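Colleague: I have a few minutes before my next run. Can you walk me through this one?

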Amino acid sequence: MTDYQIFTADDARQFALTHGDTFRDSDKLEAEEFGDGNLNLVFRVKNQHGRSLIVKQALPYARCVGESWPLTIDRARIEAEVLLRHGRICPEHTVKILHYDAAKAAIVMEDLGQLEILRSALVAGKQFPKLASQMAQYLARTLFHTSDFVLNGLQKKTEVARFLNPELCLITEDLFFTDPYCNHERNSIHQAILPQARELWHDETLQAEVARLKADFLSKPQALLHGDVHSGSIFVSAEQCKVIDAEFGFYGPVGFDVGSLLGNLLISYAGQFGLQEDTDVREQQQRYLLAQIEALWQDFASEFSLLMQTQTKESSFANSSYQSFYLQQVLADSIGYAGCELIRRTVGLAHVADLEHIANEPLRARCERFALTLGRQLILQRYSLTTIQQLLTLVRHLQLPD
């Protein structure tokens, strides 16, 4: 870390000028630090002609807490290499990485400022008809091409070792699978739903199933995951969808990435009860979200199946019965991890605007109870929900609690 120092705006400006292949020495560059994330510094560097790049630097601690929570800056390498790898597989839907400096733990990437962050757009009631199909393509291609269907044993084990990410994975392990199910000091629980949170702490049936999901997260390196596919890590427009922020990447269960996105769409569904006062507008947005959930899984399953049938290199995995079993297991895993996402975003450390922006506190509490109830049912019923249509039926029949 001898060459490492925390960037100032001037450092970011010089870094982008030197490594971005976008600016000229004669350009007048401005750098603004605008990141609102939990871990890193993020700068937008732009010239007088409006061209811009993003500079992201990993801090040696969690930004949201401070130096009392130290973190490895190697996460910048993980992020850069995951996005570079995914970008070669699916460039249409992966942010473009222009340069990575290991010593400085800094990345230069394209600026997606012309797009919207998906979470903010969904909170505002916006719709993107190509979201599901484009994200399904990203997930199917990146997960298949980094899996045992394509890589031989030596390649796969080498890749697993290269993308070990113990510190960031530990954050996921704690925040996703542990903290919400006990009275942990990191949890953030609104007073009105404290009774429901306490029920989680004593629900041994639920905790046993969460333990099974956590065990798979720890020990099932199926593919190179993004590791944090939530609606704040996706930029969208009417025509385009791109994924950013892959510092939680590692080799894990395919269903974790798929389930994380499903869970975030379901969180948006739950939040609509409190975000939209007009019943017709709310119901229309919820219908859109359920349609996107259905299309996301159907398109993912279709593309992943086609890839298995046509591009599998390992002869043992070319068996059609095995491929059907594999995809069914991915669906069950995805449903379970979606349930975990609903619960952890409601009572854990990292809350989201889909619920937090509901101004009416009693109504917000009802939406949070809906999210907790749905999350529990998804985890417990993940093997009996054998089609995405059965999941959607469950959601439609679930009433907003009093």
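Modeller: We'll take it topic by topic. Keep in mind that this is a predicted model.

Colleague: Fine. Start with the core. How many residues does the largest nonpolar core have, and which have the most contacts inside it?

Modeller: The largest nonpolar core has 109 residues. Met135, Phe300 and Phe304 have the most contacts inside it.

Colleague: What does Phe304 touch, leaving out residues up to four places away in sequence?

Modeller: Phe304 touches Ala140, Leu143, Phe144, Phe149, Tyr326 and Leu327. Apart from the largest core lies another core, of 21 residues. Phe23, Leu29, Val45 and Ala58 are among the residues of that other core.

Colleague: On to the rings. How many aromatic pairs does the structure hold?

Modeller: The structure holds 24 aromatic pairs. Take Tyr269 and Phe273: the ring centres are 5.9 Å apart and the planes stand at 90°, so this pair is edge-to-face.

Colleague: Where do Tyr269 and Phe273 lie?

Modeller: Both are in helix 9, residues 254–275. They are four residues apart, about one turn of the helix. Both Tyr269 and Phe273 are buried.

Colleague: And what about Phe304 and Tyr326, how are those rings arranged?

Modeller: Phe304 and Tyr326 form a stacked pair, 6.0 Å centre to centre with 10° between the planes. This pair links distant parts of the chain. Phe304 is in helix 10 (residues 279–311), Tyr326 is in helix 11 (residues 320–347), and 22 residues separate them.

Colleague: Are Phe304 and Tyr326 buried or exposed?

Modeller: Both Phe304 and Tyr326 are buried. They also belong to one aromatic cluster. Its other members are Phe144, Phe149, Trp297, Phe300, Phe317, Tyr322 and Phe325.

Colleague: Strands next. Which strands does strand 2 join by bridges?

Modeller: Strand 2 is joined to strand 1 (residues 30–33) by four bridges, and the two run antiparallel. One bridge pairs Glu33 with Phe43 in strand 2. Seven bridges join strand 2 to strand 3 (residues 52–58), again antiparallel. There, Val45 has Leu53 in strand 3 as its bridge partner.

Colleague: What happens in the hairpin of strand 2 and strand 3?

Modeller: Five residues lie between the strands. Gly50 takes a positive phi near 90° in that hairpin.

Colleague: Why is strand 2 called largely enclosed?

Modeller: Five of the seven residues of strand 2 (residues 40–46) are buried, so the strand is largely enclosed by the rest of the structure.

Colleague: Which ring does Arg44 lie over?

Modeller: Arg44 lies over the face of Phe34, at 4.6 Å from the ring centre.

Colleague: And the open sheet: what is the strand order?

Modeller: Three strands form it in the order 8-10-11, with antiparallel pairing. Strand 8 (116–117) and strand 11 stand at the edges with a single partner strand each, so one side of each has no neighbour in the sheet. Two bridges join strand 8 to strand 10. Ile117 stands opposite Phe235 in strand 10.

Colleague: Now some polar residues. Where is Glu247, and is it buried or exposed?

Modeller: Glu247 is in the loop between strand 11 (241–243) and strand 12 (250–252). Its relative accessible area is 7%, so Glu247 is buried.

Colleague: Which side chain does Glu247 make a polar contact with?

Modeller: The side chain of Glu247 makes one with the side chain of Asn40, at 3.0 Å. Leaving aside neighbours within four places in sequence, Glu247 has contacts that include Lys56, Arg75, Glu79 and Asn165.

Colleague: Where does His230 sit?

Modeller: His230 sits in the loop between strand 9 (223–225) and strand 10 (234–236). At 14% relative accessibility, His230 counts as buried. Not counting residues up to four places away in sequence, His230 touches Arg119, Asn264, Glu341 and Arg345.

Colleague: Last one. What about Glu167, where is that?

Modeller: Glu167 is in helix 6, residues 166–178. With 35% relative accessibility, Glu167 counts as partly exposed. Beyond its neighbours within four places in sequence, Glu167 is in contact with Pro70, Leu71 and Thr72. The C-alpha atoms of Glu167 and Pro362 are separated by 37 Å, with the two residues 195 apart along the chain.

Key:
Residues are numbered from 1 along each chain as its sequence is written. This is a predicted model: local features need pLDDT of at least 70, side-chain atom pairs count only at pLDDT 80 or more; totals for chains, interfaces and linings use all residues. Side-chain values use heavy atoms; hydrogens and water are left out. Buried means under 20% relative accessible area, exposed over 50%, partly exposed in between (1.4 Å probe, protein chains only). A polar contact is a pair of N or O atoms within 3.5 Å; within protein, one must be able to donate a hydrogen and the other to accept it, and residues adjacent in sequence count only if both atoms are side-chain atoms. Contact means heavy atoms within 4.5 Å. Rings of Phe, Tyr and Trp (its six-membered ring) pair if their centres lie within 6.5 Å; planes under 30 degrees apart count as stacked, over 60 as edge-to-face and the rest as tilted. A charge sits over a ring if NZ of Lys or CZ of Arg is within 6 Å of the ring centre and within 35 degrees of the ring normal. Two strands pair if DSSP finds at least two bridges between them. A nonpolar core is a set of buried Ala, Val, Leu, Ile, Met, Phe, Trp, Tyr and Cys residues joined through side-chain atoms within 4.5 Å.
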